[in-house]
Amino acid sequence: MQKISDSPVSFEIDDEQGYLIVRFAGEIDLYGTPHAREVILNCVKSDRNTVIDLSAVTYIDSSGVASLVEGYQLAKTNQLEFGLINTSEAVMNVLQLAHLDKVFSIHASLNERLQAS
Amino acid sequence: MMSNHHTPTDQAAIEVENLVTHYGSTRILNNIDMQVSTGEIMVIMGGSGSGKSTLLRYMLGLHEATSGSIKLLGQDITEINAEEMDELRKNMGVSFQGGALFNSMTVGENVCLPLREHTHLDENTIQIMGRMKLSVVNLGGFEDLMPAQLSGGMIKRAALARAIVMDPKLLFFDEPSAGLDPVAAAELDDLILRIRKALNTTIVVVTHDLDSTFRIADRITVLDKGDILMIGTVEEVRNSDNERIQSLLNREARHIEIDADEYIKELTGQKS
């Protein structure tokens, strides 16, 4: 897990079955979002299908969700896949409030995502 | 009737203790004690002059109390310095009665203003956050309009979008349904409930609108002439046998009791 100094969020990136899996941990809030955003956009800019694993994310605010939106939009523009896995109820509540649960491709796990595609 | 299918935690997000306030020499609030739990919706109701709007302004740190304490998220705002208060305000959203949007800015600029003032987020992030919050209040696509182009209900919703743009832990409303038709008022109530559910926001609403109160409140604080008459659930307040509370609920005019001596002193400017 890569810890970013002075940031409430850490991450690791694995290359699994054709996807870059970004596993965030901690809080993606006003302080953590700039780092999380950079990680998300760099993955998509590397021209790879990207999946964000939110299982270890204890809190995500609107700024974090905005970064997911940006990643999604960039992936779509570049005709890449972009999805979320392991979203907690708290994360789903935030996505639902912004009507984004109907926009993102959300699965319980990478395996479930692979089976669905 | 059950409250709104939400269980606030026991941890107090707001604690008001022995709050006494004056306006000049007139005492406005008398030894107010009140706690609001994290994730709870507390409605403060009372007639005109009950002190409900005054209590809200003190909770926002807009005035200095005569005595007592007001703790927001564990910090006593009667003791902290201006810098600490500014930091605390990042966790507070306020929706004022008239909306208080800046008429010279677009709706989108109004909503994003707190983000531009208080964060160092990337401009793309800020714009997406603003549009998301406008979508939450069903104003998606309205970001380029000016406030003057919006209806009263839309202005209230845009103000709410601005109040929640930073995902505040505490959200305060001053008469949210004032000036709205019943449908628009009900929609705003629904929004308040959705925001609490999604973000576990602690919400304080000052209102005299009974329908709205019964729709959204977990608990109600009833104020009368600066005193707390009662704090209780919707059910408890409805069933109260307190005469003043029943007058409020039944929208009866209050009977003004006059002490002749006090009244003459008041008219002649003599202090009692």
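Visitor: How many helices and how many strands does chain B have?
Guide: Happy to start there, with the note that this is a predicted model. The C-alpha atoms of chain B fill a box of roughly 65 × 40 × 40 Å along the principal axes. Within chain B, the count is ten helices and ten strands.

Visitor: What radius of gyration does chain B have, and what would a compact globule have?
Guide: Chain B has 272 residues, and a compact globule with that many would have a radius of gyration near 19 Å. The value for chain B agrees with this: 20 Å.

Visitor: What percentage of the contacts in chain B with a separation of 6 or more is between residues 24 or more positions apart?
Guide: A good companion number is burial: buried residues make up 43% of the 272 residues in chain B. As for the contacts in chain B with a separation of 6 or more, the part that joins residues 24 or more positions apart is 67%.

Visitor: Which strands are at the edges of the open four-stranded sheet in chain B?
Guide: The strand order in this open sheet of chain B is 2-1-4-5, and the pairing is antiparallel. An edge strand here pairs on one side only. In chain B that description fits strand 2 (26-37) and strand 5 (75-76).

Visitor: Which residue of strand 4 of chain B does B:Val20 stand opposite?
Guide: Strand 1 (residues 12-23) and strand 4 (residues 67-72) of chain B pair in the antiparallel sense over five bridges. Across from B:Val20, in strand 4 of chain B, stands B:Ser67.

Visitor: Where in chain B does the largest share of the side that touches chain A come from?
Guide: The contact takes 17 residues from chain B and 18 residues from chain A. On the chain B side, two elements give two or more residues, namely helix 4 (123-136) and helix 6 (182-199) of chain B. The residues on this side divide into eight nonpolar, four polar and five charged. The largest share, eight residues, comes from helix 4 of chain B.

Visitor: How many residues does each domain of chain B give to the contact between domain 1 and domain 2?
Guide: The domain assignment gives domain 1 (1-91 + 170-181 + 195-272) and domain 2 (100-167) of chain B. Their centres, taken over C-alpha atoms, are separated by 28 Å. On the domain 1 side of the contact, the residues divide into five nonpolar, one polar and one charged. The contact takes seven residues from domain 1 of chain B and, from domain 2 of chain B, eight residues.

Visitor: Why does the largest nonpolar core lie between domain 1 and domain 2 of chain B?
Guide: This core has 106 residues, and those with the most contacts inside it are B:Ala161, B:Phe172 and B:Val204. Helix 5 (residues 152-164) of chain B gives the most to the core, with seven residues. The core lies between the domains because residues are given to it by both domain 1 and domain 2 of chain B.

Visitor: Is A:Leu54 buried or exposed?
Guide: A:Leu54 has its place in strand 4 (residues 49-60) of chain A. Beyond its neighbours within four places in sequence, A:Leu54 is in contact with residues including A:Phe24, A:Leu84 and A:Val91. One of these, A:Leu84, is 30 residues away from A:Leu54 in sequence and 7.3 Å away in space, C-alpha to C-alpha. Because 23 other C-beta atoms lie within 10 Å, A:Leu54 is buried.

Definitions and conventions. Residues are numbered from 1 along each chain as its sequence is written. Chains are lettered from A and ligands numbered from 1 in the order in which they are written. This is a predicted model: local features need pLDDT of at least 70, side-chain atom pairs count only at pLDDT 80 or more; totals for chains, interfaces and linings use all residues. The radius of gyration is taken over C-alpha atoms; the globule rule is 2.2 Å times the number of residues to the power 0.38. A residue is buried if 20 or more other C-beta atoms lie within 10 Å of its own, exposed if 12 or fewer, and partly exposed in between; C-beta atoms are placed from the backbone. Two residues are in contact if their C-beta atoms, placed from the backbone, lie within 7 Å. Two strands pair if DSSP finds at least two bridges between them. Ala, Val, Leu, Ile, Met, Phe, Trp, Tyr, Cys and Pro count as nonpolar, Asp, Glu, Lys and Arg as charged, and the others, Gly among them, as polar. Domain bounds come from an automatic or database domain assignment. A nonpolar core is a set of buried Ala, Val, Leu, Ile, Met, Phe, Trp, Tyr and Cys residues joined through C-beta atoms within 7 Å.
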